[in-house]
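Student: I am new to this structure and should like to be guided through its organisation. May we begin once it is in view?

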Amino acid sequence: MFEKVVSRMRLNDLMKATNSFHKNNIIGSGRTGTMYIGVLEDGTSLLIKRLQNSQHSDKEFSSEMATLGNVKHRNLVPLLGFCVAKTERLLVYRYMANGTLNDNLHPVDDAKQAMEWSLRLKISIGAARGFAWLHHNCNPRILHRNISSKCILLDADFEPKISDFGLARLMNPVDTHLSTFVNGEFGDLGYVAPEYARTLVATPKGDVYSFGVVLLELVTGERPTHITKAPETFKGSLVEWISQLSDDGKLHDAIDTSLVGNGVDNELFQFLKVACNCVLPTPKERPAMFEVYQLLRAIGERYNFTTEDEISMPSDTSDVGYLEELIVAR
C-alpha cells in the first residue's frame with residue numbers, strides 16, 4: 001500500500017488509530033498542527049499530522065500531496081498517505097522510533113544520560129544533508145521555514161529524518177504572494193532569523209539561521225530560549241548568550257561540559273564556529289546550506305558517517321541566483 005504512491009486514507013481509520021485523536025496520543029504540536037502516534041489494526045505504527053487552518057480545497061490539497069509524496073530522501077520522514085474530510089487535513093508519515101531531537105537533547109528526566117558527541121555529530125550531518133538537498137537538489141526546491149530540534153525526528157538507528165517540509169505551502173492561503181508567513185507567525189521562538197520581523201519574507205539564509213540554532217543546541221546542550229549556564233540576570237536567547245560569550249573571549253564556556261575532555265575538544269570548537277557562522281545577524285554573511293553540510297562533513301570525516309547519497313554541488317548558492325526557483329508559494 002505504501003511503497004510507491006501516496007495513499008488517500010479514510011478519516012475513520014485514522015480516528016481509530018489515534019483513539020479519536022486522544023490527547024494521550026499527542027507526541028508534539030506546533031504552529032502548523034498537532035502530531036499524533038497512531039496504530040493501525042495490523043499493528044503498524046504511524047505518525048499522523050493534523051493540520052490547522054489549511055485553506056486549500058480537496059483538489060488542491062490532493063495535488064500538493066502528490067508533489068510532496070515524490071519528495072524522497074534518506075533524511076526526510078517518508079510521507080505515506082493523507083486524508084481530506086470536510087475541514088480535516090491530515091498527513092500520514094512513517095513512525096520514527098526515537099522521537100524528536102528535542103526530546104533526546106532536552107529530556108524531561110534529568111537522570112537520562114546526555115547524548116554522546118559522535119551521535120550529536122552524526123545527527124547534525126544527516127540533518128544538514130537533508131536540508132541541503134531540499135534547498136539545492138530537490139525538484140522543486142523547498143524552503144522549510146520552520147526548522148527546529150522538534151522537526152528533526154530520529155529512527156531506530158538514530159538516523160535523522162526531517163519532518164514538516166513543504167508545509168508552508170499547505171498552510172498558506174492559495175493566493176499568498178511569494179513567501180510571506182502564516183498569520184504573521186515566523187516559527188518557534190528562538191529559531192527565527194532576525195531579518196524576518198522586518199521583511200516578512202522567507203529565504204534560504206533564514207533556514208540556515210534556524211538550523212544554526214539547532215547546531216548551537218547540539219554543542220551547548222542548552223535550549224534556544226532558556227540558558228541554564230547563564231547568570232540569572234540574563235534574559236536573552238541562546239544566540240544572544242553565544243554572542244556575549246564571543247565578545248568576552250569566552251566562547252569555549254558555551255560547550256556542553258559533558259562533552260569536554262573526551263579527546264574531541266578541537267571538533268567541538270570547529271562545530272561551534274560553524275554554528276556561529278550560521279546565526280550571524282547579516283544574512284549574506286551566513287553560509288549556504290550546502291556549505292554547512294560540507295563543513296560538518298569535514299568535521300565528522302573520521303567517523304565515516306557519510307558513504308553514499310551525497311549532495312551534488314549546486315550551480316549557484318547565492319540568494320539571488322536560486323531563490324526564485326525555491327518552492328515557497330505559487
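Tutor: Contact means heavy atoms within 4.5 Å. This is a predicted model, in which local features need pLDDT of at least 70 and side-chain atom pairs count only at pLDDT 80 or more, while totals for chains, interfaces and linings use all residues. Residues are numbered from 1 along each chain as its sequence is written, and side-chain values use heavy atoms, with hydrogens and water left out.

Student: Of the contacts with a separation of 6 or more, what share comes from residues 24 or more positions apart?

Tutor: The count takes in the contacts in the protein with a separation of 6 or more. Within that set, residues 24 or more positions apart account for 65%.

Student: Which helix gives the largest share of the largest nonpolar core?

Tutor: A nonpolar core is a set of buried Ala, Val, Leu, Ile, Met, Phe, Trp, Tyr and Cys residues joined through side-chain atoms within 4.5 Å; buried means under 20% relative accessible area, with a 1.4 Å probe and protein chains only. The largest such core has 81 residues, and Phe 131, Phe 211, Leu 215 and Leu 296 have the most contacts inside it. Its largest share, ten residues, comes from a helix spanning residues 117-137, namely α4.

Student: Why do the buried residues of α2 lie on the same side?

Tutor: In α2, Phe 61, Ser 62, Glu 64, Met 65, Leu 68 and Gly 69 are buried. They lie on the same side of α2 because the arc they cover around the axis, taken from the directions from the helix axis to the C-beta atoms, is only 160°.

Note on methods: Buried means under 20% relative accessible area, exposed over 50%, partly exposed in between (1.4 Å probe, protein chains only). Helices (H or I, at least four residues) and strands (E, at least two) are DSSP runs, numbered from the N terminus.
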